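Reader: I am new to this structure and would be grateful for a close look at a single part, with each term explained as it comes up. Please begin with the whole and then settle on the part you choose.

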Amino acid sequence: MELLSILALGGLFAAGAYLMLRHSIVKLILGTILLTHGGNLLLLLSGGLVEGQPPLGEAGMAAATDPLPQALILTAIVINFGILAFFLVLVFRAYQTNDAKDLDELHGGDR
């Protein structure tokens, strides 16, 4: 289970980095979303996976899952949503102003 989670984490980071390097603004937004999901999965994996145990154990249980990464993930989701909303508004305004769907067109194409 841990190997599958690690492979999914690597896939999310690789796909997010690949999409962020493309010229399309939509792919840039999708790459940002994938990177934030990868960051959330990284936080989840940092708490450790304990199969068959509840997330919050009783006082005598030594093998309970750490709840702190789960709380950090909830905070990260809210922060990522705010950043994504700002990013979408910023891109929409840039599209209205410059009528450009490509980052090179938005930059001016003088590269």
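**A close look at helix α2**

Author: A search of the whole structure turns up zero aromatic pairs, where rings of Phe, Tyr and Trp (its six-membered ring) would pair if their centres lay within 6.5 Å, and would be called stacked with planes under 30 degrees apart, edge-to-face over 60 and tilted for the rest. This is a predicted model, in which local features need pLDDT of at least 70 and side-chain atom pairs count only at pLDDT 80 or more, while totals for chains, interfaces and linings use all residues. Residues are numbered from 1 along each chain as its sequence is written, and side-chain values use heavy atoms, with hydrogens and water left out.

The protein has four helices and zero strands, counted as DSSP runs numbered from the N terminus (H or I, at least four residues, for helices; E, at least two, for strands). Of its 111 residues, 17% are buried, meaning under 20% relative accessible area, with over 50% called exposed and anything in between partly exposed (1.4 Å probe, protein chains only).

The part I choose is α2, which covers residues 25-46. Its 22 residues should span 32 Å at 1.5 Å a residue, and its end C-alpha atoms are 32 Å apart, so the two agree; the expected span is 1.5 Å times one less than the number of residues. At the N-terminal end, Ser24 caps the helix, with a side-chain oxygen 3.3 Å from the backbone nitrogen of Val26. Beyond the other end, α2 is followed by Gly48, which has a positive phi, near 85 degrees.

Within α2, the buried residues are Ile25, Leu28, Ile29, Gly31, Thr32, Gly38, Asn40 and Leu41. Asn40 deserves a pause, since with a relative accessible area of 12% this residue counts as buried. Leaving aside residues up to four places away in sequence, Asn40 touches Ile73, Ala76, Ile77 and Asn80, where a contact means heavy atoms within 4.5 Å.

This leads to helix α3, residues 68-98, whose 31 residues should span 45 Å at 1.5 Å a residue, in agreement with the 44 Å between its end C-alpha atoms. In α3, the residues Pro69, Ile73, Ala76 and Val91 are buried, and what covers the buried residues of α3 includes α2. Ile73 and Ala76, both buried in α3, are thus among the residues that Asn40 of α2 touches.

Notes:
Polar contact = N/O pair within 3.5 Å; in protein donor to acceptor, adjacent residues only side chain to side chain.
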